[in-house]
Amino acid sequence: MNFKKLIILAGFVLSAAVFAADNTDPFELPEFFGKPQVHGFIEGRGGYRTQNDLYEKDISVMDTRLQLDIFTYNDWGDFKYKGDFWGDGVTEQGKYQTRELWFFTRPLDFLDVKLGRQVLTWGTGDLLFLNDLFPKDWQSFMIGRDTEYLKAPSDAAKFSFFSDIANLDLVYTPKFDSDNYITGDYISYWNGGLGRTAGRDAIVRADERESWFTDDEIAARLYRNINNYELALYGYWGYWKSPGGQTPAGRAYFPRLDVYGASVRGQLGEGIANAEIAYYRSADDTGGNDPLVNNSEMRYLLGYSQEIARDFNAGVQYYIEQLLEYDDYRRYLPPAAAATKRDEFRQVVTLRLTKLLMNQNLTLSMFTFYSPTDEDAYLRPNIHYKFTDNLAAEIGANVFFGNSQHTFFGQFEDNTSIYTAIRYSF
C-alpha cells in the first residue's frame with residue numbers, strides 16, 4: 001500500500017474512533033448491537049544496532065503505529081476487531097495487519113464457539129513454547145517491538161467443551177499459519193548453504209502451504225483442575241511452524257509435524273511450579289535418515305516463579321531439546337555441515353526478574369536465555385514508565401552473545417540493538 005494512502009487511511013480510522021468514543025452518529029451501530037467499546041493506541045518506536053552488520057541496516061526497528069480495537073455484543077454473541085496500521089522505516093513500507101476479527105457465541109451451556117482471526121495460546125512456558133504450536137512473530141520479538149507482537153494471529157475456529165470430568169479445547173485452522181520466522185529482512189542469521197551469516201543479501205522465502213482445507217491444522221487441549229493443580233494433555237497435527245525442510249533444489253518448506261504432550265502447573269511452596277513435555281514427531285522423516293528434513297524431537301521444561309520481595313518477582317526455567325534418531329542424523333549429515341552439527345541435547349536456562357517501583361508506575365525487567373551447551377545467550381532488559389493512564393514510554397535492548405556463529409542465539413550476535421518507544425493509549 002502506498003505510504004501516503006496509509007497515513008490518510010490511518011487518520012480516517014482514528015477520527016472514526018474518536019467520534020465513536022463520543023457516541024456521535026458516524027460510528028453508531030444498529031440497535032441490536034451494544035454500544036461499541038473503542039480503544040487503541042498511537043506509538044512511535046525506534047531502535048538502532050550497537051555494531052555494524054554487513055547484511056542489515058543500522059536501524060533495527062522504526063515504526064509509527066496506530067492500533068484500533070473495537071468490541072461490541074448482542075444477546076447471542078460478541079464481536080471484536082483489532083487492527084494495526086504502521087509505517088515501517090526498515091522496509092520503507094506502509095503496512096496493515098488484522099490482529100483480531102472474531103465472533104464468539106455460547107449456543108449450549110457446555111459449548112463455546114469462537115470463529116475468525118484470533119490470537120491463541122496455551123501451555124505453561126514463559127517465552128518457551130512446547131505444546132503451543134500457534135504462530136509466533138519472531139522477527140518482531142527480536143527487533144524490539146512490544147512483546148504483544150510475539151503472538152501472531154490465527155485464522156481459526158475454536159470450540160470449547162465443558163464437563164465435570166474435564167474440559168476440551170479444539171482449534172481448527174483451515175489454512176496453515178506459519179510463524180513469522182527469521183528471513184533476513186530485519187535480522188541477519190546463519191546460512192548453512194553459504195557457510196556464513198547472511199541477511200538482506202539472502203532472504204529466505206519458503207514454499208507456502210496455502211491450500212484451504214488441505215494444508216490445515218488441528219490443535220487440541222484436554223484439561224482439568226485437581227486440588228488447584230491444572231493438568232493438561234495436548235495434541236497437534238499440522239506442520240513445522242518455521243521452515244523445517246529443504247527441497248533438493250535448496251528451497252525451504254514446511255514438513256508435516258505431529259506433536260503430543262502434557263503439562264502440570266500449580267502451587268509449590270510459596271511460588272508456582274510448572275512442568276511440560278512434548279514429543280515432536282517429524283511425520284515426513286520419522287526414521288531420521290533424510291538430512292533435508294528436521295528429525296523428531298523430545299522437549300522438556302521445568303519452571304518455578306515466586307515473589308521474592310515486595311513487588312519483586314523472579315522466575316526460572318530449565319529446558320531441554322533432545323534430537324531423536326541422533327546416530328542417523330550424524331550418519332546422513334553432509335560432510336560440509338559436520339562442523340556445525342547440532343548437539344543431541346540442547347539445554348537452555350531462563351531467568352526473569354521484574355521489579356515494580358514508584359507506585360507500580362515504573363517497571364524494571366530483565367529476561368535472560370542462556371544455553372550452557374551452545375555457549376550462547378540472549379538478554380532482554382527493559383524499563384517501562386507510565387506517566388499517566390494514557391501515556392507511557394519504554395527503553396530496552398536485545399543483546400546476543402555466542403562463541404559460535406551457527407548456534408541458536410550466537411548467530412544473531414550482530415543484531416544486538418537498543419530501542420525506545422512512546423505510546424499514547426485511548
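Helices and strands are taken as DSSP runs and are numbered from the N terminus. By this scheme, Ile-383 belongs to strand β20, which spans residues 376–386. The model is a predicted one, and the description below covers its internal cavities, one of its pockets and a surface patch that includes Ile-383.

Two cavities of 30 Å³ or more are present in the structure. The volume of the largest is about 60 Å³. Its lining is made up of Leu-133, Phe-134, Pro-135, Ser-154, Val-171, Thr-173, Glu-217, Ile-218, Ala-219, Tyr-236 and Lys-241. Two or more of these residues come from each of the elements β7 (167–173) and β10 (217–226). Strand β10 provides the largest share, 3 residues. By class, the lining of the largest cavity comprises 7 nonpolar, 2 polar and 2 charged residues.

The second largest cavity has a volume of about 40 Å³. Trp-122, Asn-131, Leu-133, Phe-134, Ala-219, Tyr-234, Gly-235, Tyr-236 and Val-259 surround this space as lining residues. Here the main contributor is strand β11 (residues 229–239), with 3 residues. The lining of the second largest cavity holds 7 nonpolar and 2 polar residues and no charged ones. Leu-133, Phe-134, Ala-219 and Tyr-236 occur in the linings of both cavities.

Among the open sites, the second largest pocket has a volume of about 910 Å³. A total of 34 residues line this pocket, and those nearest its centre are Gln-97, Asp-137, Ser-178, Asp-179 and Asn-180. At least two lining residues are supplied by each of β4 (93–108) and α2 (138–143). The largest share, 5 residues, is that of β4. The lining of the second largest pocket divides into 10 nonpolar, 8 polar and 16 charged residues.

On the surface, a nonpolar patch is formed by Leu-357, Met-358, Leu-364, Ile-383 and Ile-395. Together these five residues present about 410 Å² of accessible area. Ile-383, the patch member placed in strand β20, has a relative accessible area of 40% and is therefore classed as partly exposed. The cut-offs behind this class are under 20% for buried and over 50% for exposed, with partly exposed in between. Patch membership requires over 30% relative accessible area, a condition that the 40% of Ile-383 meets.

How values were computed:
Residues are numbered from 1 along each chain as its sequence is written. This is a predicted model: local features need pLDDT of at least 70, side-chain atom pairs count only at pLDDT 80 or more; totals for chains, interfaces and linings use all residues. Side-chain values use heavy atoms; hydrogens and water are left out. On a 1 Å grid over the protein atoms alone, a cavity is a set of points where a 1.4 Å probe fits but cannot get out, and a pocket is an open set with protein on both sides within 12 Å along at least five of seven lines; lining residues have an atom within 4 Å of a point. Grid points are joined across faces, edges and corners, and a volume is the space filled by probe spheres set on the points. Helices (H or I, at least four residues) and strands (E, at least two) are DSSP runs, numbered from the N terminus. Ala, Val, Leu, Ile, Met, Phe, Trp, Tyr, Cys and Pro count as nonpolar, Asp, Glu, Lys and Arg as charged, and the others, Gly among them, as polar. Patches are made of residues with over 30% relative accessible area and no salt bridge: like charges are joined within 9 Å, nonpolar side chains (Val, Leu, Ile, Met, Phe, Trp, Tyr) within 5 Å. Accessible areas come from the Shrake-Rupley method with a 1.4 Å probe; for residues, only the protein chains shown count as cover. A salt bridge is a side-chain nitrogen of Lys or Arg within 4 Å of a carboxyl oxygen of Asp or Glu. Buried means under 20% relative accessible area, exposed over 50%, partly exposed in between (1.4 Å probe, protein chains only).
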